[in-house]
Amino acid sequence: MRHGQIKLEGEQSARLLSWGIRFFLAAALSASQTPGGYAPFALGCVAASGPGSMGGAALVGCVVGAALFMDFAQALPFLAAGVLILSAATAFRDLRLLETKWFLPLTAAGLFLSVSGIYVLQSLAPLEDLSPCVAAAVLVGLSAWYDQPLLWPGRERLEPDSLLFLAGSVVLALTDLELVGLSVGRALLCALLLYTAYQRGTLAGAAAGLGAGLTADFLSGGGSVLFGAAYGLAGMAAGSRTGHRRGGAALAFLGAVLAALLPVHDALAVPLLLESAVGTALFLLLPGRVFGGKRVKRPEAAEGGPAPLERMKQQLTRTAAVLRDLYDSMGRGTPVSTEENPAIIFDRAAEKVCRGCALCELCWQREYTGTFNALNDATPFLLERGRALPKDFPGYFADRCVHLPDFLTAVNGELTAFLLRRQYRRQLEETRRSARGQYAQLSELLTATAAGLGEVPVSGEAEAACRIGAALRPKEGELVCGDTVVSFRTGTGLLCLLLADGMGSGEAARKESALTCRLVEQFLEAGIEPEAALKTLNSAMALRGADTGSFTTIDLLTCRPETGEAVFYKYGAAPSYLKKGGVVRRVTGGTLPAGLRGSPAVPDVTRATLEPGGFAVLISDGVADPGRDEWLMDLLAGWEGEDPQVLAGLILSESVRREGLQDDCGIQVLYRAKEGAVKKV
């Protein structure tokens, strides 16, 4: 009970902290106002916080911010837009549309524009006021877009771009705070820009500088692009010094600002230069750990021992070996489990009832064979039903037993205990097997990760050697398809085609298959070998399926574009097909779908070579019945085109004509271009 109370208190504290963060962010961002009295960053915070209590906390922060930083005429449309944004998020909370990253930013920008546009049209100079209003609407959408990964309830993650954007938004709220005539906000913005450029490189520094500068120009209301030009050039210059010492980046930043201001005669030029100098000083005062240990690589340091990448590889390999030894030791030290003999049920019942019976010697000595046969014949009925009845015993035994009711009561008591012991032993054995499987899978994952360190990505020419086509069609009467198809390339150039078929059809099946594809993709993009990734996922889905009762078929094809080396991995998936000219080969498997078996289950693995000019076709079982797919093999054998998308569409249309959409249909086609054709593309 105490544990549950601590957990509940922890959840409440986390929820209060999340509310507080959104409340104070929205209140602080209300101070960052553009010409016209708009506060776009605060409204973007409301949109990014999503529906429910989190969005409500951000809206309350906007109310407090409006009371502190705005007059009544500015606060009214600001709060009206905030209420509409939260209402829209709440109204669409149960729709899939809300899960798309672009929906709320566009909705927030549109609602802000619709509310503020009314005031613009009623102003004395609507044409002059329109531009600041539109620009503020754009900032609302951008703010919602970048803040979503940080603030969206339940899916918070620390994305660097989002963190930098939010930090810049908060810093800009301090623009009007001045010390000795210099803007505190712009000085901090220079430090943040210099840090970003130094960490991310030339292009990122130039883009961040230009964006921050144009926003500062807009907030200043001067109508010039002074800050945009200075910050953009300075960010590019500082980014060119990434990997070198911080002092060089700081000097490049200041030099670029000075160069941008030389031909300018503006009252803000001198403050901008001084603010840049203050920001540079703050950047140089940052501790080294903020930069993740960034240092210039020195030859003598590299010669002193193995490279960091090699050391990491060795550490992962040693850890994998330890886990493998632990797995082996569990297998050696565990005795083979044996089932308890059901005869113990009758032995213990006889000890309680028959020992004091007058017929004990008759039943258990002179007629022992008959008693043994009677109890042996009754055993299957007891175990199947879980309870003993008089009819389970032969007449010669039941008629002779003078304590039959008491004997049945004792047998049923012992039978219940026997079944509980057997269930416990089986659960214990399953837990032991699961634990061993997890150690083995962790060992395989670490070994695969270590092996993948330092692999060189494939060249762009090899990537162009393959083209992909796909087609989906929901079951008749459904609005969404329960199948999911995904294709991607890993960092090492491995081309992956994935088709998952969720149990059933409709939205529930789509969610299951989409989750499966997303997890497999994350495993493979992390550098984990496909077989190890699929075994790990199968174990997790088996545990999850114990509660939900769901399962998913997985059909994965990996291909090396430069060599055509292809591998099919299947968990309960429909047959796949390899085509070269008029020859078609079926690739099948017999493993159950993922989630129906525990950790010992491994996928069916088939290795093949995809020849130049050849096709590989993945289908779900709704496209063609595996027992009568001759029409599909004939279609593939007669196909003479080279466009995989056209072939996918042709297979789908023929399947609809023959099968009648009795199930969801998913198709993926991989085509490897003929030799010499890549250069022509």
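Trainee: How many cavities of 30 Å³ or more does the structure hold?

Mentor: Let's start with the general idea. Rolling a probe the size of a water molecule over the atoms shows where empty space is left. In this structure, which is a predicted model, there is 1 cavity of 30 Å³ or more. The volume of the largest cavity is about 110 Å³.

Trainee: Which residues line the largest cavity?

Mentor: Its lining is made up of Cys354, Cys357, Leu359, Cys360, Cys363, Trp364, Phe397, Cys401, Val402, His403 and Phe407. Helix H16, residues 360–366, makes the biggest contribution to the lining, with 3 residues. By class, the lining of the largest cavity holds 10 nonpolar residues, 1 polar residue and no charged ones.

Trainee: Let me step back to the whole chain. How many helices and strands does the protein have?

Mentor: The protein has 24 helices and 12 strands. Its length is 681 residues, of which 43% count as buried. Take the contacts between residues at least 6 apart in sequence: 70% of these join residues at least 24 apart.

Trainee: Now the sheets. How should I read the order S4-S5-S6-S7-S10?

Mentor: Read it as the sequence of neighbours across an open sheet of 5 strands, with antiparallel pairing. Strand S4 (483–489) and strand S10 (604–609) each have a single partner strand, so each has one side without a neighbour in the sheet. On average, neighbouring strands of this sheet are turned by 15° against each other, ignoring direction.

Trainee: What joins S4 to S5?

Mentor: The two strands run antiparallel, and 7 bridges join S4 to strand S5, residues 495–502. Two pairs are handy for checking the register: Arg489 stands opposite Leu495 in S5, and Phe488 has Cys496 in S5 as its bridge partner. As background for reading such pairs, in a regular strand the side chains alternate between the two faces of the sheet.

Trainee: Where does helix H21 sit with respect to these strands?

Mentor: Helix H21 (residues 506–525) packs on the sheet and touches S4, S5 and strand S6 (552–560). The direction of H21 makes about 15° with that of S4.

Trainee: What should I look for in the hairpin of S4 and S5?

Mentor: This hairpin has 5 residues between its strands, and Gly493 takes a positive phi near 90° there. For context, most residues other than glycine have a negative phi, and most peptide bonds are trans.

Trainee: Which residue other than glycine has a positive phi?

Mentor: Leu661 is one to look at, with phi near 55°. Leu661 lies in the loop between H24 and S12. At 11% relative accessibility, Leu661 is buried, because the cut-off for that class is under 20%.

Trainee: What is the strand order of the sheet that contains S12?

Mentor: The order is S3-S12-S11-S8-S9, in an open sheet of 5 strands with antiparallel pairing. At the edges are strand S3 (466–473) and strand S9 (583–587), each pairing on one side only. The average turn between neighbouring strands of this sheet is 15°, direction ignored. S3 pairs with strand S12, residues 665–672, in the antiparallel sense over 8 bridges. Within that pairing, Gly469 has Val669 in S12 as its bridge partner.

Trainee: Which helices pack on this sheet?

Mentor: Helix H23 (residues 630–638) is one of them, touching strand S8 (576–580), S9 and strand S11 (615–619). The direction of H23 makes about 25° with that of S8. Helix H24 (residues 644–659) also packs on the sheet, where it touches S3, S11 and S12. The direction of H24 makes about 25° with that of S3.

Trainee: Let me try some single residues. Is Ala31 buried or exposed?

Mentor: Ala31 counts as buried, because its relative accessibility is 19% and the cut-off is under 20%. Ala31 lies in the loop between helix H1 (2–29) and helix H2 (40–48). Leaving out residues up to four places away in sequence, Ala31 touches Phe69 and Ala173. Ala31 and Ala173 are 142 residues apart in sequence, and their C-alpha atoms are 5.1 Å apart in space.

Trainee: And which residues does Phe165 touch?

Mentor: Phe165 lies in helix H7, residues 160–172. Not counting residues up to four places away in sequence, Phe165 touches Phe41, Leu142, Ser143, Tyr146 and Asp147. From C-alpha to C-alpha, Phe165 and Leu142 are 9.3 Å apart in space, with their positions 23 residues apart in sequence numbering.

Methods:
Residues numbered from 1 in each chain as written. Predicted model: local features only at pLDDT ≥ 70, side-chain atom pairs only at ≥ 80, totals over all residues. Heavy atoms only, no water. 1 Å grid on protein atoms, 1.4 Å probe; cavity = no way out; pocket = protein on both sides within 12 Å on 5 of 7 lines; lining within 4 Å. Points joined across faces, edges and corners; volume = space filled by probe spheres on them. Helix = DSSP H or I, 4+ residues; strand = E, 2+ residues; numbered from the N terminus. Nonpolar A, V, L, I, M, F, W, Y, C, P; charged D, E, K, R; others polar. Pairing = 2+ DSSP bridges. Axes fitted to C-alpha atoms, helices over the stretch in contact; angles between N-to-C directions. Contact = heavy atoms within 4.5 Å. Buried < 20%, exposed > 50% of the residue type's maximum accessible area, 1.4 Å probe, protein only.
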